[in-house]
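Here are my notes on the two-chain model you sent over. Have the structure open as you read, and take the points in order.

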Amino acid sequence: MGRGSRLTRLDAFTKTVEDARVRTTSGGIVTLVSLFVVFVLVVGEFREYRRIQVLPELVVDKTRGEQLPISLNITFPHIPCELLTLDVMDVSGEQQSSITHGIHLTRLTPFPESKPVSTTSLNVHEDTASHLDPAYCGKCYGAPGPEKDKGCCQTCEDVREAYASIGWAFGKGEGVEQCEREHYAERLDEMREEGCNIAGHLSVNKVIGNFHIAPGKSFSSAQMHVHDLNQYFASTKEHTFTHTIHHLSFGPDLPANVKVQRNPLDDSRQVTQERSFNFMYFIKVVSTSYLPLGTSENSYIPGAIETHQYSVTSHKRSLMGGADKEHASTIHARGGIPGVFFSYDISPMKVINREVRAKSFAGFLTGVCAVIGGTLTVAAAIDRGLYEGGMRVKKLHQG
Amino acid sequence: MNEEFFGEKRTSLGESVRTFDAFPKTRATYTTRTPRGGAITLLLLLTSACLTLTELRNYLTGSESHTFMVEPGIGHDMQINLDITVAMPCSSLHLNVQDAMQDRILAGELLSREEVWFDDAGAHKLYSEGADAETERRLFSSLVGKGAGEGGGSCRIYGSMGVNRILGDFHITAKGHGYWEDGAHIDHRSFNFSHVITELSFGDYYPKLVNPLDGVVSKTDENFHKFQYFLSIVPTTYESQTSGKSLLTNQYAVTEQSRKISSHSVPGIYFKYDIEPISLKISDRRTALLAFVVRLVNIVSGILVGGGWVYGLFGTLAGYFRRQRRTTDGMLNGRALGDEE
């Protein structure tokens with residue numbers, strides 16, 4: 001294109017002819033320094049561009065009919081497993097009594113050692129009475145027997161269940177043939193010193209409810225939830241509900257890069273010296289999901305996590321009631337069941353933790369251009385200042 | 001002295017560094033300065049000074065950001081701060097808290113009470129005008145000026161108390177009604193649960209905290225009237241990044257419901273509170289100094305370059321329309337075609 005072309009005339013980047021240019025050492029230094037600055041800033045921009053942010057959003061939880069998974073691991077150093085029962089109750093009226101499915105009870109040696117007892121050495125029940133006559137049908141002592149065995153109570157456990165189902169206190173099984181054959185009373189006494197660890201998973205309806213770990217078989221009597229506390233209080237050994245919660249969560253863990261406090265009750269410990277003492281945890285469960293990069297509303301992504309967080313308030317009281325030892329003006333209610341109660345409530349809000357790039361690619365390019373342009377312009381200004389200042393000083397000296 | 005002034009000794013080092021100079025200067029003899037260019041420069045400098053000042057002000061003021069999270073930690077207690085005047089004598093009032101733990105907190109023992117005259121005007125003004133010294137003095141004199149012995153027929157209940165941090169119900173009722181107490185039965189005609197709430201807050205005080213119930217007046221002529229306030233308490237952390245301090249306190253939302261009730265019910269003032277699981281975090285932050293400087297540099301250089309370029313473009317266009325040819329100067333140096341006229 002010739003010099004007269006229209007494009008030439010539109011050239012916004014006019015060049016100085018080479019003859020009219022001056023290169024100076026100060027200019028060289030400024031250039032090198034500014035290049036270094038540009039390099040550092042561009043690296044910063046790049047890191048900002050590659051950074052993945054987790055942005056929390058708050059929405060109303062619109063999912064329906066979900067189950068709430070609970071996973072727990074709690075140690076009771078002063079109560080044998082034989083006495084512990086885990087029950088779930090909720091406002092829908094559903095009750096799960098004496099949950100065993102998915103829950104493992106591990107017997108622990110007496111406190112303070114508290115190591116797992118090898119279960120083969122001492123087994124409280126023989127689950128099946130296989131050594132007996134196949135036609136054997138044990139008496140249930142007036143209680144309705146289990147249906148699976150045509151109303152026969154084959155084991156001591158069956159008799160206990162039968163008693164609990166109609167709300168009779170069982171005691172230590174004196175005079176009950178099955179229990180004497182299994183040496184239930186002796187074994188119970190042997191275990192008095194032991195502790196227990198409850199660990200496992202259960203699933204509950206996602207409505208307000210509570211699950212509790214309390215002594216004795218539970219049963220419903222006239223709309224009331226009752227536990228057979230006979231053996232707990234009859235014991236000569238001092239059982240208490242001192243406990244350590246190793247883990248309590250409602251769903252899988254969030255990835256480590258989500259900055260939230262994980263399960264607040266993990267590794268918490270509560271101590272009591274009183275036998276009739278009640279621990280209460282008020283838990284509010286908030287649905288939480290984690291959506292990794294690239295998740296859209298409707299597609300399923302392998303890394304997506306649906307879980308729950310919770311906030312908790314803990315309280316305890318003696319069942320004797322009366323004034324609190326630390327707060328004289330607080331009067332505790334009297335009565336109730338000793339044990340550890342978890343009362344859970346479901347929040348209507350849901351937290352969505354969404355992975356996003358801190359910057360888009362266009363934003364990154366803009367940032368790089370801004371960095372380069374800004375730095376070079378400033379450097380040019382500095383350099384020009386140095387040059388012209390120097391010229392002036394030179395003229396001064398000459399003049 | 002000549003070129004060597006800049007330390008341009010003819011050493012090999014100086015020579016090699018010099019070749020890197022990406023900012024070749026035009027010799028003064030080849031550049032011109034025009035009044036118009038000077039004016040534009042001044043204008044651009046003014047603009048950048050303005051923007052710099054704005055940025056500086058933003059930087060110094062800082063910004064406030066709101067985040068939320070599911071409340072961490074294990075809660076136990078919560079503090080209720082209360083200052084309320086009820087149009088009934090103190091001797092006939094009963095204060096109590098009952099909560100989901102079925103604990104009963106004898107609020108009457110934890111809060112102070114004194115006989116005052118009922119004055120709703122002062123309280124309301126105090127609310128609407130904030131720290132107005134005159135109203136405050138008037139309110140103070142109207143509330144405290146009357147000694148307990150004199151008796152104003154109204155009761156001011158004030159103080160702080162710790163309660164369990166769970167769903168609960170704090171209520172002010174008449175003695176002998178609602179609870180089985182060995183106290184006197186109060187005459188039904190003396191019931192009047194009109195009240196002024198001077199303050200109701202949960203947790204520590206923070207200047208930015210607005211408690212919606214402060215300064216609220218509710219009046220009734222009925223003897224059997226039930227005032228209910230339903231409070232949702234939101235744990236709130238105020239955090240200052242500059243000082244690194246944070247304060248955990250609570251805000252609340254409230255709905256009010258009041259109605260006349262039959263003489264078989266228990267009249268009174270009820271505050272039913274529940275704690276929200278999601279807590280707010282309000283943090284005051286300031287951009288980092290380096291980020292601020294980078295931003296300033298961006299702004300100033302942007303204006304100078306952009307301004308120079310636009311100025312140059314105008315000159316180019318002017319020249320183009322006049323179909324005149326000129327030798328040109330570098331636009332990035334802020335000189336344009338038209339200047340040489």
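1. Let's begin with a glutamate. A:Glu45 sits in helix H2 of chain A, which covers residues 25-50. Bear in mind throughout that this is a predicted model. Is A:Glu45 buried or exposed? Its relative accessibility is 15%, and the cut-off for buried is under 20%, so A:Glu45 counts as buried.

2. What does A:Glu45 touch, once residues up to four places away in sequence are set aside? The list is A:Lys359, A:Phe364, A:Gly367, A:Val368 and A:Val371. Take A:Lys359 from that list: 314 residues separate A:Glu45 and A:Lys359 in sequence, yet their C-alpha atoms are 9.3 Å apart in space.

3. Now the membrane annotation for chain A. UniProt, in an unreviewed entry, gives "transmembrane region" for residues 20-43 and 361-382 of chain A. Over residues 20-43, the model has 79% helix and 8% strand, and the end C-alpha atoms are 36 Å apart. Residues 361-382 come out as 100% helix and 0% strand, with 31 Å between the end C-alpha atoms. I'd treat the annotation with some care, as UniProt annotations may be inferred rather than shown by experiment.

4. Chain B has an entry of this kind too. Here UniProt (unreviewed entry) lists residues 288-321 as "transmembrane region". In the model that span of chain B is 97% helix and 0% strand, and its end C-alpha atoms lie 49 Å apart.

5. Next, a helix pair that joins the two chains. Helix H7 of chain A (residues 361-398) and helix H6 of chain B (residues 289-321) have axes that come within 9 Å of each other. At what angle do the two axes cross? The value is roughly 75°, and angles of 65 to 115 degrees count as roughly perpendicular, so H7(A) and H6(B) are roughly perpendicular to each other.

6. Which residues make that contact? From H7(A) come A:Ala370, A:Gly374, A:Thr377 and A:Val378, and they meet B:Val297, B:Asn298, B:Ser301 and B:Val305 of H6(B). By type, the residues of this contact are four nonpolar, four polar and no charged.

7. Have a look at helix H3 of chain A, residues 156-166. The buried residues there are A:Cys156, A:Asp158, A:Val159, A:Arg160, A:Ala162, A:Tyr163 and A:Ala164. Just after H3(A) comes A:Gly167, with a positive phi near 85°.

8. A loop residue worth a click is A:Thr272, between strand S12 (268-270) and strand S13 (277-291) of chain A. With a relative accessible area of 7%, A:Thr272 is buried. Leaving out residues up to four places away in sequence, A:Thr272 touches A:Thr240, A:Phe241, A:Thr242, A:Phe277 and A:Phe279. A:Thr240 is 32 residues from A:Thr272 in sequence, with 6.7 Å between the two C-alpha atoms.

9. Two backbone angles deserve a check by eye. Most residues other than glycine have a negative phi. A:Ser98, which is not a glycine, has a positive phi of about 45°; A:Ser98 lies in the loop between strand S5 (95-96) and strand S6 (103-108) of chain A. In chain B, phi is positive for B:Gln102, near 65°. B:Gln102 belongs to the loop between strand S5 (93-99) and strand S6 (104-105) of chain B, and it is exposed, at 52% relative accessible area.

10. Finally, the overall numbers, chain A to begin with. Chain A has seven helices and 17 strands, and 46% of its 399 residues count as buried. Among contacts in chain A with a separation of 6 or more, 76% are between residues 24 or more positions apart. The exposed area of chain A is about 20500 Å², with 58% of it supplied by carbon and sulfur atoms.

11. And chain B. Six helices and 15 strands make up its list, and 43% of the 341 residues of chain B count as buried. Residues 24 or more positions apart supply 78% of the chain B contacts that have a separation of 6 or more. The accessible surface of chain B is about 17900 Å², and carbon and sulfur atoms hold 58% of that.

Technical notes. Residues are numbered from 1 along each chain as its sequence is written. Chains are lettered from A and ligands numbered from 1 in the order in which they are written. This is a predicted model: local features need pLDDT of at least 70, side-chain atom pairs count only at pLDDT 80 or more; totals for chains, interfaces and linings use all residues. Side-chain values use heavy atoms; hydrogens and water are left out. Helices (H or I, at least four residues) and strands (E, at least two) are DSSP runs, numbered from the N terminus. Buried means under 20% relative accessible area, exposed over 50%, partly exposed in between (1.4 Å probe, protein chains only). Contact means heavy atoms within 4.5 Å. Accessible areas come from the Shrake-Rupley method with a 1.4 Å probe; for residues, only the protein chains shown count as cover. Axes are lines fitted to C-alpha atoms, for helices over the stretch in contact, and angles run from 0 to 180 degrees between N-to-C directions. Angles under 35 degrees count as roughly parallel, over 145 as roughly antiparallel, 65 to 115 as roughly perpendicular and the rest as oblique. Ala, Val, Leu, Ile, Met, Phe, Trp, Tyr, Cys and Pro count as nonpolar, Asp, Glu, Lys and Arg as charged, and the others, Gly among them, as polar.
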